[in-house]
Amino acid sequence: MRPVYRVAQVRAAESALMATLPPGTLMQRAAAGLARRCAVTLRDQGGVYASRVVLLVGPGDNGGDALYAGAKLARQGVQVGALLSDPKRAHAEGLAALRAAGGRVLPDWPRRIDLVVDGLLGIGATGALRGTALTLAEQLAALDPRPTVIAVDVASGVGVDTGDVPGTAVRADVTVTFGCLKPAHVVGPAAVLAGQVELVDIGIMPHLPADPALRVADTADLAAWWPQPGPISDKYTRGVVGVATGSAEYPGAALLSLSGALAGPAGLVRYAGSAHELVVPAHPSVIAAPRVADAGRVQAWVCGSGLGTDERAAGELRSVLAAPVPVLLDADAITLLVDGSMSGELRRRDAPTVLTPHDREYARLAGEHPGADRVAAAQKLAAWTRSVVLLKGDRTVVAGPSGEAWVNPTGTPALATGGTGDVLSGLLGSLLAGGLPPIRAAVAAAYAHGLAGRLAATTGPVTAVDVAAALRPTIASLTHAPIGVAPVRPR
Ligand SMILES: NC(=O)C1=CN([C@@H]2O[C@H](COP(=O)(O)OP(=O)(O)OC[C@H]3O[C@@H](n4cnc5c(N)ncnc54)[C@H](OP(=O)(O)O)[C@@H]3O)[C@@H](O)[C@H]2O)[C@@H](O)CC1
Ligand SMILES: Nc1ncnc2c1ncn2[C@@H]1O[C@H](COP(=O)(O)OP(=O)(O)O)[C@@H](O)[C@H]1O
């Protein structure tokens, strides 16, 4: 797990550490890491010596980092020029260091540029870019050919704590950040503008709180969490997932959510719904019944996609909500919840509930669009519904009722195609049935689903069927599941 901290947490940790160090130490550490990364990029592009670097320098310490890094590069033979957004307020010592190393302040953009270092704004940014900083960012975006851009700490113009992009912002190829990740690196449209994020350790980690604002799962988490069968497992002890999706009208939703469920760790998949005669020929291992009440015992239910919103569907949803097991609600189940008649059943549930809305479903449930702060939006709905909320998107957010929040790093636009949400819900339900706590089940499902989308995209345009098929190799590689039979050693 990689922790992510908000600006106030970072500032507090930095202050605590700075009190123990000579003034300027942290900026020197930051600038050294930044200069190292710039030199690597220049080397990859053909050479450091005599390459041309433009520093965009704002009025704060972010500009100071850029100036000191520029001074280090100038000493390695790089031609470094600085464009200042606010010359009177540019970091004076940094500027003196740049000049002493042979760098200079530029009156305008030079013609040849190998690398731009964006030091306009860092964690002191508020709102959309304005003034000369905005002009410089617009001019940068218009450069042709586009030079490589390395952002200092964050790409200028993004909402650091939210990942929102309220106006024009710099698009970076690489962001060199200091101390820890911030939300703008991992969530919302800002995450895309960050490019590849590299973390420079400046020593603040021990001063950061144990409880981060946000967490990002990694492959080690997935390997540790994914339920695995053991020698004494049977199909029931591995967990049984019930899938109440699809209908005679929308049988595809049933087939897709079942294919997601069948890729998960549950030992048995049951289906309940009016598509029951259609599902068994496609998925012979599934036990199918017409209604939830006839389906038999399960350890988790998945309900919603393709279910419809008629009386029959509402009745099935009531049966699912009444079950004392974890329940995942998606699509039509969310629509059915919106009219409020089942909100009592939802709030009274003792067993966990997971809601998986996309933005329009979120707006229907919450009465407002998720807005600029997607993490806060997911946390708010989670607290209000006492559920785990998986808010879908390019960087899917998972939040629990206690405020714990995660963001998924594996998403891909290839998943923006009909039915992939059904595959996700089936997989997530199987993880719930397999015994994973609901936040972990949601995080793990989104992670594997994103990777499966990426894998499916390597062989052409992606459909939801391709994503479901790609789940198997993805999960095998994530969980190091043994493939084949271990060789028996001759005695
Ligand atoms: N603290 C530490 O220990 C370390 C910090 N480090 C570095 O410091 C960085 C933070 O520096 P910082 O606090 O000086 O803020 P920073 O982002 O450079 O500038 C803010 C100024 O910009 C302005 N401004 C704001 N919004 C604007 C907008 N939308 N459009 C235009 N202008 C806007 C605003 O001025 P205003 O005009 O509003 O008065 C404000 O004064 C951090 O990201 C990291 O790089 C590293 O060295 C490691 C150690
Ligand atoms: N632009 C995008 N980039 C990355 N992932 C996306 C994008 N658009 C949608 N997704 C993902 O694709 C899935 C779509 O789910 P959903 O909207 O429920 O579709 P459906 O109802 O057709 O199955 C979700 O996992 C979502 O996070």
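## Helix α18, two ligand shells and Gly159

At 1.5 Å a residue, the 16 residues of helix α18 (residues 464–479) should span 22 Å, and the end C-alpha atoms lie 22 Å apart, so the expected and modelled spans agree. The model is predicted. Within α18 there is a kink of about 30 degrees at Leu471, shortly before the proline Pro473. After α18 comes His480, which has a positive phi, near 50 degrees.

Which residues of α18 are buried? They are Ala464, Asp466, Val467, Ala468, Ala470, Leu471, Thr474, Ile475 and Leu478. Leu471 is thus both the site of the kink and one of the buried residues. An α-helix has 3.6 residues a turn, so residues three or four places apart point the same way. The packing partners of the buried α18 residues are four helices: α8 (219–225), α9 (251–262), α16 (420–433) and α17 (438–457).

UniProt lists residues 218–478 as "domain: YjeF C-terminal", in an unreviewed entry. Over residues 218–478 the chain is 46% helix and 13% strand, with 10 Å between the end C-alpha atoms.

### Ligand shells

Two ligands are described here by the residues around them.

| Ligand | Residues in shell | Closest residues |
|---|---|---|
| Ligand 1 | 28 residues | Gly60, Asp61, Asn62, Gly122 and Gly124 |
| Ligand 2 | 18 residues | Lys392, Asp394, Leu415, Ala416 and Gly421 |

Around ligand 1, two or more residues each come from α1 (7–18), α2 (25–44), α3 (61–75) and α5 (131–142). The most come from α3, which gives four residues. By class, the shell around ligand 1 has 14 nonpolar, nine polar and five charged residues.

For ligand 2, the largest share of the shell comes from α16, with four residues. By class, this shell holds five nonpolar, ten polar and three charged residues. Helix α16 also packs against the buried residues of α18.

### Gly159

Gly159 is located in the loop between β6 (148–152) and β7 (174–178). Is Gly159 buried or exposed? Gly159 is buried, because 23 other C-beta atoms lie within 10 Å, and 20 or more are needed for a residue to be buried. Leaving aside neighbours within four places in sequence, the contacts of Gly159 are Asp164, Pro166, Ala184, Ala190 and Ala372. Gly159 and Ile475 are 316 residues apart along the chain, and their C-alpha atoms are separated by 34 Å. Ile475 is among the buried residues of α18.

Notes:
Residues are numbered from 1 along each chain as its sequence is written. Chains are lettered from A and ligands numbered from 1 in the order in which they are written. This is a predicted model: local features need pLDDT of at least 70, side-chain atom pairs count only at pLDDT 80 or more; totals for chains, interfaces and linings use all residues. The expected span of a helix is 1.5 Å times one less than its number of residues. The bend at a residue is the angle between axes fitted to the seven residues ending there and the seven starting there. A residue is buried if 20 or more other C-beta atoms lie within 10 Å of its own, exposed if 12 or fewer, and partly exposed in between; C-beta atoms are placed from the backbone. Two residues are in contact if their C-beta atoms, placed from the backbone, lie within 7 Å. UniProt positions are given in the numbering used here, feature names are shortened, and annotations may be inferred rather than shown by experiment. A residue is near a molecule or strand if its C-beta atom, placed from the backbone, lies within 6 Å of it. Ala, Val, Leu, Ile, Met, Phe, Trp, Tyr, Cys and Pro count as nonpolar, Asp, Glu, Lys and Arg as charged, and the others, Gly among them, as polar.
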